[in-house]
Each structure stands twice: as structure tokens, then as C-alpha cells.
Amino acid sequence: RGMGHTLAAGVRASAGAGGWVVALADMPGILPQTITRVAKALQDGATIVAPSYQGQRGHPVGLARRLKVDLLSLQGDAGARAIVAAHQDWITLIDVDDPGVTKDIDTPGDLPGQ
């Protein structure tokens with residue numbers, strides 16, 4: 001049914017969580033410490049968290065529990081992009097030295113060494 005439906009199902013399955021870190025499967029180069037920093041920012045009270053590499057916002061995106069109802073309403077293939085766009089003033093950017101936050105793999109040519 002799409003990314004939005006899948007994300008809503010994940011939130012529903014972990015309804016007691018304090019927040020969620022949404023990572024995309026086609027971005028395997030994200031460093032573990034980046035994911036840890038996004039999760040820590042949520043624990044410290046941020047509502048929406050995203051890493052930034054050389055001024056470019058990337059993934060994964062952290063979403064706090066206060067966005068649970070919004071996340072549960074997702075459908076289709078939209079994902080959480082509209083939620084983030086609607087709450088730009090709630091975004092906490094974390095500067096990272098991790099180019100993996102902006103690099104997705106869509107074709108074999110996108111892989112290193114190809």
C-alpha cells in the first residue's frame with residue numbers, strides 16, 4: 001500500500017515508543033553514530049530531528065511521540081514528508097560528518113566503485 005501505510009503500521013506496532021527514527025532502506029551508507037545522535041536528540045526533547053551534511057538535510061529523520069497521530073494517519077506512498085514540511089519550525093538539524101545521510105542507492109551505478 002506504500003511507504004505511508006508501512007510507516008503508520010510501524011508506529012501502530014510500537015505505539016508506546018517515545019519517538020521513531022525513520023531510516024530509508026536505499027541509504028545504506030548512514031553511519032551508526034548518526035542514527036544514535038538523531039535518537040539522542042529525540043530523547044533530549046526535539047520534535048523533529050534530521051542530520052545535515054555540508055548544509056544539505058538528510059536521513060534518518062527522528063519524529064517525537066507528539067507526532068504519533070499524524071504518523072498513524074499516513075497512507076499511500078507519501079511517507080512523513082508532509083508532516084515534516086508542515087512543522088518546519090520544529091526541526092532540529094544536527095551537523096554531521098557523514099555523507100551517507102544524503103546518498104541513496106537507486107541503481108547499481110549509484111554503488112561505490114561502479
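How much area does the protein chain expose, and what share of it do carbon and sulfur atoms supply? In this predicted model, the exposed area comes to about 6,700 Å², with carbon and sulfur atoms supplying 53% of it. Of the 114 residues, 35% count as buried. The C-alpha atoms fill a box of roughly 40 × 35 × 25 Å along the principal axes. The radius of gyration is 14 Å, which agrees with the value near 13 Å that a compact globule of 114 residues would have.

The protein chain has 4 helices and 5 strands, and from the N terminus on these elements follow the order α-β-α-β-β-β-α-α-β. Among contacts with a separation of 6 or more, 68% join residues 24 or more positions apart.

Helix α1, spanning residues 3-13, offers a handy place to look more closely. Its buried residues are G4, L7, A8 and V11. These residues lie on the same side of α1 because they cover an arc of only 100 degrees around the axis. An α-helix has 3.6 residues a turn, so residues three or four places apart point the same way. The buried residues of α1 pack against β1 (19-22) and α3 (68-72), whereas the exposed residues T6 and A13 sit on the face turned away from the buried side.

Turning to charged side chains, the count comes to 1 salt bridge. D44 pairs with K40, and the closest N and O atoms are 2.8 Å apart. D44 counts as exposed, at 56% relative accessibility, while K40 is partly exposed, with a relative accessible area of 43%.

How values were computed:
Residues numbered from 1 in each chain as written. Predicted model: local features only at pLDDT ≥ 70, side-chain atom pairs only at ≥ 80, totals over all residues. Heavy atoms only, no water. Buried < 20%, exposed > 50% of the residue type's maximum accessible area, 1.4 Å probe, protein only. Helix = DSSP H or I, 4+ residues; strand = E, 2+ residues; numbered from the N terminus. Arc of directions from axis to C-beta. Contact = heavy atoms within 4.5 Å. Salt bridge = Lys/Arg side-chain N within 4 Å of Asp/Glu carboxyl O. Rg over C-alpha atoms; globule rule 2.2 N^0.38 Å. Areas by Shrake-Rupley, 256 points an atom, 1.4 Å probe, with all protein chains shown as cover.
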